[in-house]
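Colleague: I would like to go through this model and hear the reason behind each label. Please show it first.

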Amino acid sequence: MVEMPKVILPAAEAAAPAPTFTGNRALQIEEPLIFEIGSAETSGVDFEEPAETETRLGGLERTDAIGLAGLSEPETMRHYVRLSQKNYSIDTGIFPLGSCTMKHNPRLNEKMARLPGFADIHPLQPEKTVQGALALMTELSRWLLELTGMHAIALSPKAGAHGEFCGMAAIKAALEARGEAETRRVVLVPVSAHGTNPATAAHLGFTVRAVEAEPDGTVSVDAVRAALGPDVAAMMLTNPNTCGLFEPHIREIADALHEAGVYLYCDGANFNAIAGKVRPGDLGADAMHINLHKTFSTPHGGGGPGAGPVVLSEALAAYAPVPFVRREGDAFRLVEHADDAPEGAAPFGRLAAFHGQMGMFVRALAYMMSHGADGIRQASEDAVLNANYVRARLADVLTQPFPEGAMHEVLFDDRFLKGTGVSTLDFAKALIDEGFHPMTVYFPLVVSGAMLIEPTESESKQSLDQFIDAVRALALAAKAGDAVRFTEAPRFAPRSRLDETRAARDPVLSYREKTPE
Amino acid sequence: MALIKYTEDHEYISVENGVGTIGITDYAQGKLGDVTFVELPKIGEKVKQGQPIAVVESVKAASDIYSPVSGEVVEINEILNDKPELINQEPEAGAWIYKLTLSNTAELDKLMDQDAYLAYASAEG
Amino acid sequence: MRYLPHTDADRRAMLDTNGIADIDALFAAVPEGALRRELPDLPRAQSEIAVERALSRLAARNVPASSVPFFAGAGAYKHHIPATVDHIIQRSEFMTAYTPYQPEIAQGTLQYLFEFQSQVAALTGMEVANASMYDGSTAAGEAVLMAHRVTRRSKAVVAGGVHPHYRAVIETVSRLGGFAVDARAVDPETSFDADADKDTSCIVVQMPDAFGRVADLSALAEKAHEAGALLVVVVTEAVSFGALKSPGAMGADIVVAEGQSIGNGLNFGGPYLGLFATRKKFVRQMPGRLCGETVDHDGRRGFVLTLSTREQHIRREKATSNICTNSGLCALAFTAHLTLLGEAGLKTLARINHANAVALAKTLGSVPGVEVITPAFFNEFTIRTPKLGAAVIDALADHGIIGGVPASRLWPDEPTLANAIVVAATETTTPDDIAAFRAALEEVLHG
């Protein structure tokens, strides 16, 4: 039984369109849940019946109704295509989410990842039948090590946060080898860090000590020295940092840490600002994850999958987890167990069942080969140029907490909205009505009403100008007192503002919950 | 007449006959926004002054509640399990969070009285 | 460079807007000497043709599963994926979207996540499921940490039939987090045996186990619950949900599974997707993103990410997990394939998988010297031959057969398993494949 969605006319709004009978609005079509349109009997897949009829399930046959709904093939296609049309995407327009690096996703990469020689091989088939895959992983490693100036790499982490765990685990293993794991239990994290940093440290049994930033948004050597002590294991630092600033004292900080026997973990989320220009290894990093889904353009896919290979300094190289690839003459081997590791290696363990995100490795390598050393460098320069162009053109209408310098992303705060009755969230929602995905809002937490814009190198000057013109027009409208434009936004999206309080107070997380058997 | 004191973390404690009733202030609920969930302590739990004992959550934030004084939890406000929004509606009345027996009444001296708290909160903005 | 839109004139104009002469003025904060003047020691940009040629050459050095009779499983399974699924996940609006942080323009992603969560809850027989984890093994590690939080205990008991790589992940995250693991002996006969004491937060058991064996877990669930512990059930073959009694019906408290089998290719081990389901009363201790139903300002149904206060971006060091990016697009592949299958289709698919495995077991069991040691199974079982498993698999590969996974590759420290091979069949297995396997195996063992 399909219930038509209710259409409620927004109260007495002059410009509001008359409601339709269906709830649809031309190309915006309401789509029920599969459970409301499908049935238990319907299937969109045909099978050939096998000859064998004996069962050996040990009496454990499932006899209950599972509660799934099926659709025929045309219905399935239409359902998901209609859903897709309710999404904004990088293929639709600029996606300036700061700290997220939403760049163009070349389709060549998709085509390469779907070659049967990569997409249709099993992680545990004989090594001699996957030499090309192991060669590809080795080649990817060469590129990433050269770009970062580091010593060794662990490919298995499945996303950035998983990579953080890997790098920090290697640090813990190194401390164990030094006999200092029990005494060094504190990790320094700047207050502006991504939430994954303190969460990772805590999951490894470390306690977090916050390091305050200077008034200019960067971390000072003195602040680090003040936080150092014999109980400190590591510092986690994002560079460029989450305010979009390159940490100018990074080398002195690294030196101070190393003198104190402390490791430097670099969060590589913002590597897109410096790839091909600056090598984290030259700055003193001991470990850094690389978000292949950010810097090297594997698609974000609405939240994943990602890939988070970790590069390690010489001091940490021995502790890389299994599995990893080893070259022996012309052949490539997989080391899958610690006992099998070469002399001197002391893997800290295993992070995932198999060898890493192979599908992402192929895409990232295709991306890097396409760019080449020269293109990667140019991409970083264009990313930084684009952010600074946005900064220069918005500086007179928005407010910047740290007006000096920006790398690949530029940070604004909400001081320009003071007294307008418009919040950062309202401003973001109004941008939706103008046809743009908003910037990152309310992050980093250290700035009031933060708006973090990362245009990436994929945007042309025309595209940037369109976005900038829209932001400028909105800023002027807010200051002119046109608050309704913001507080009632979005008006033209598939949904108006959603009630998140209701969702959290009385969570409905699955269809079956509403229809108890 | 109960004695009411306040902390810098915006908890209040109202003490009567050696039992303290603890919740968050009206100012605090205003800062937090719509409350969606309250993680209550367990009855019998012993807590020291300043230790986290409960959590009040809104959509985008989770705030630890630090016990204003030391003692043992004797009662919790289970209405908040079903009606967390009560914290927004009547924070300093029906939406108390827990009650405890005080183990050291001298700790109350370190807390603010109402006038001092109101001045403190208004200075915070 | 074809992906970079700017002309030199554009760059010049934009530098002028910034009032600078040279791009390196924007890198002024980089310490002296660290800003590299020379290019990285890597190849220069290449055309699409050149990249395609080079990568195709590497791909050609691998043997795709579909090109040979193929019987490897052990946590990753070769299933057929309808063409529709790959088209859906390549829709721009799905593939090139970010995490749905602006729900008004991400209802497509959010609604499929709600459908995904609903399907996973139904399959596992649980009340709530999250929006996916990286894979089954990392989900298993997270389940153990969650059980510690729920029970406020700190030891996990891991049954011997849990996939050794999953066990290794559990051991790694536990050891580094300061928790204990009591891993039971690896023995196909006792692979479900475990018990709990007052320190045990959970018993972790896999069903079907890593040898392919199936068993009723109800008694084990009771044993766990009597001791105040949770039962965590691991499933590495998601198609088995269509044939076997659900873990929820047998008393599981947390179910984690590898979802690759539905909608996702082998991909040499990743990307895959972890399924994570539990009872609603534990929802605030769950890791990962959750999508929930709500209404918009105009009263229309809509979906949002919810209960985010569990997550790292709000709770930081007190978060239930550090996970951020998950397996969104793999979850879409899973949910689209499962929508195509439906209840009837999934049950048929599972029946065919089982029938082909039974046929395979009969055929291999008839080869002299070969013993099928798994009494009851779904689509995977273990055989023992007179020769070393690794040598047999190697020789079979020379005959153009991928004949399964040698147990010695999974458990190198278990000499009693040296001659064992874990073998899987799916709906893609044909009678010809089985006949070819039999002929080659006879040749390798007795030829």
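Modeller: Contact here means heavy atoms within 4.5 Å. The model is a predicted one. By that cut-off, the contact between chain C and chain A takes 204 residues from chain C and 212 residues from chain A.

Colleague: What makes the area between chain C and chain A "buried", and how much is it?

Modeller: Buried area is the accessible area that two parts lose on being put together, summed over both. For chain C and chain A the figure is about 17,700 Å², and carbon and sulfur atoms give 61% of it. The interface also holds 15 salt bridges. On the side of chain C that touches chain A, helix 10 (residues 328-365) of chain C gives the most, with 27 residues. Residue pairs in polar contact between the two chains, both at pLDDT 80 or more, come to 113.

Colleague: Why is the pair Glu52(C) and Lys111(A) called a salt bridge?

Modeller: The term needs a side-chain nitrogen of Lys or Arg within 4 Å of a carboxyl oxygen of Asp or Glu. For Glu52(C) and Lys111(A) the N to O distance is 2.9 Å, so the pair meets the 4 Å cut-off.

Colleague: Which residues of helix 2 of chain C are buried, and what covers them?

Modeller: The buried ones are Ala50(C), Val51(C), Leu55(C), Leu58(C) and Ala59(C); the label requires under 20% relative accessible area. Their cover includes helix 3 (107-113), helix 4, helix 5 and helix 11 (358-394) of chain A.

Colleague: How do you know that the span of helix 2 of chain C is close to the expected one?

Modeller: The expected span is 1.5 Å times one less than the number of residues. Helix 2 of chain C, residues 48-59, has 12 residues, and 16 Å is expected. From its first C-alpha to its last it reaches 16 Å.

Colleague: What makes Lys128(A) and Asp394(C) a pair between chains?

Modeller: Their closest N and O atoms are 2.9 Å apart, in a salt bridge. Lys128(A) sits in the loop between helix 4 (116-119) and helix 5 (131-148) of chain A, whereas Asp394(C) belongs to helix 11 (residues 389-398) of chain C.

Colleague: Why are Lys128(A) and Asp394(C) called partly exposed?

Modeller: Partly exposed lies between the 20% limit for buried and the 50% limit for exposed. Lys128(A) has 37% and Asp394(C) has 35%, so both take that label.

Colleague: Is Glu31(A), the salt-bridge partner of Arg82(A), buried or exposed?

Modeller: Glu31(A) is buried, because its relative accessibility is 10% and the label needs under 20%. Arg82(A), at 26%, is partly exposed. The closest N and O atoms of this salt bridge are 3.2 Å apart. It links distant parts of the chain: Arg82(A) is in helix 2 (residues 73-84) of chain A and Glu31(A) in the segment before helix 1 (34-37), 51 residues apart.

Colleague: How do you know that residues 19-101 of chain B are a lipoyl-binding domain?

Modeller: That comes from the UniProt annotation "domain: Lipoyl-binding", in an unreviewed entry; such annotations may be inferred rather than shown by experiment. In the model, residues 19-101 of chain B are 18% helix and 42% strand, with the end C-alpha atoms 5 Å apart.

Notes
Residues numbered from 1 in each chain as written. Chains lettered and ligands numbered in written order. Predicted model: local features only at pLDDT ≥ 70, side-chain atom pairs only at ≥ 80, totals over all residues. Heavy atoms only, no water. Helix = DSSP H or I, 4+ residues; strand = E, 2+ residues; numbered from the N terminus. Buried < 20%, exposed > 50% of the residue type's maximum accessible area, 1.4 Å probe, protein only. Buried area = accessible area lost by both parts, 1.4 Å probe. Polar contact = N/O pair within 3.5 Å; in protein donor to acceptor, adjacent residues only side chain to side chain.
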